[in-house]
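Here are some notes for a colleague who is opening this structure for the first time. Please read them with the model on screen, and take the points in order.

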Amino acid sequence: MKREIMTTSDGSKTIHIADLNEQYHSKHGALQEARHVFIKTGLDYYLKEINPSITRLRILEYGFGTGLNALLTSLYEESLPIEYTGTEAFPITREEVEAMDYGAMLDADDIYQKMHDAPWETKTSITDSFQLTKNQLKFEDLEYESVFDLIYFDAFGPRTQPELWTLDIFESAYKALDTNGVLVTYCAAGQVRRNLIAAGFTVERLPGPPGKREMLRGRKGIA
């Protein structure tokens with residue numbers, strides 16, 4: 001499928017899949033979307049509202065993609081050790097990494113390059129406090145049990161890839177989370193919400209990023 005680099009409304013770039021009319025990030029602002037959905041509503045919420053005393057944070061990302069969410073997470077809090085696992089079935093190319101230019105935009109080019117230079121299936125220290133493991137796997141092949149505190153669910157939308165938003169996928173995500181774990185996604189589709197609830201999550205509708213009215217946040221059973 002044809003892939004094009006496009007500039008979003010906040011000046012940051014993303015990859016557009018012309019055949020699907022789908023983008024890796026919101027055309028209304030890739031950087032704004034990532035900060036709102038995954039950092040503010042996910043990471044910030046978990047650390048301030050769920051577990052402020054945590055000493056090591058474990059994050060799983062469904063859809064590592066361009067690495068933007070991982071980069072923003074690595075810059076969030078330098079003193080908190082973070083173990084970050086990114087899952088991606090179809091990694092982007094080196095040319096696409098360079099075209100995104102997120103490292104330069106966030107004054108973190110060295111970190112961004114290290115993330116994409118890191119070997120797959122290997123835990124790699126990106127900074128003193130941020131460890132990254134990239135796994136080239138399909139979502140349905142993930143098998144974890146109670147090992148993550150926070151999940152970033154950043155797959156292509158259910159309009160184009162409904163198989164990534166099924167009850168089976170969310171049951172696996174629920175299983176991967178530790179007690180009180182949190183899942184956040186930009187998507188607010190009714191069927192996605194129902195699947196999250198059926199998988200066991202307590203689900204909230206929240207204000208979405210620019211260009212999107214709502215998003216979803218799910219929480220695993222409260223201890």
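1. F38 is a suitable place to begin: in this predicted model the residue is buried, with a relative accessible area of 1%, a value that falls under the 20% limit for that label. Y152 likewise counts as buried, its relative accessibility being 0%.

2. What is the count of aromatic pairs? By the rule used here it comes to 14, and F38 with Y152 is one such pair, the ring centres lying 5.2 Å apart and the planes meeting at 55°. Because an angle over 60 degrees would be needed for edge-to-face and one under 30 for stacked, the pair of F38 and Y152 is described as tilted.

3. The pair of F38 and Y152 also links distant parts of the chain. F38 belongs to helix 1, which covers residues 30–50, while Y152 belongs to strand 8, which covers residues 148–153, and 114 residues separate the two in sequence.

4. A further aromatic pair is formed by F139 and F153, with 5.8 Å from centre to centre and 65° between the planes, an arrangement classed as edge-to-face. F139 lies in the loop between strand 7 (130–135) and strand 8, whereas F153 lies in strand 8 itself, so the pair ties together parts that are 14 residues apart in sequence. Both F139 and F153 are buried.

5. F139 and F153 should also be viewed in a wider setting, since ring pairs link them with Y62, W165, F170 and Y186 into a cluster.

6. Where do charged side chains meet aromatic rings? The charged end of R217 sits over the ring of Y45, at 3.4 Å from the ring centre, and the charged end of K220 sits over the ring of Y174, at 4.9 Å from the ring centre.

7. Turning to strand pairing, strand 11 (residues 214–219) pairs with strand 9 (residues 177–185) in the antiparallel sense, over four bridges. Within this pairing, T185 has L216 of strand 11 as its bridge partner.

8. Strand 11 is also joined to strand 10 (residues 202–207), by six bridges, and these two strands run antiparallel. T202 stands opposite R219 of strand 11. In the hairpin that strand 10 and strand 11 form, six residues lie between the strands, and G211 takes a positive phi near 90°.

Conventions
Residues are numbered from 1 along each chain as its sequence is written. This is a predicted model: local features need pLDDT of at least 70, side-chain atom pairs count only at pLDDT 80 or more; totals for chains, interfaces and linings use all residues. Side-chain values use heavy atoms; hydrogens and water are left out. Rings of Phe, Tyr and Trp (its six-membered ring) pair if their centres lie within 6.5 Å; planes under 30 degrees apart count as stacked, over 60 as edge-to-face and the rest as tilted. Buried means under 20% relative accessible area, exposed over 50%, partly exposed in between (1.4 Å probe, protein chains only). A charge sits over a ring if NZ of Lys or CZ of Arg is within 6 Å of the ring centre and within 35 degrees of the ring normal. Two strands pair if DSSP finds at least two bridges between them.
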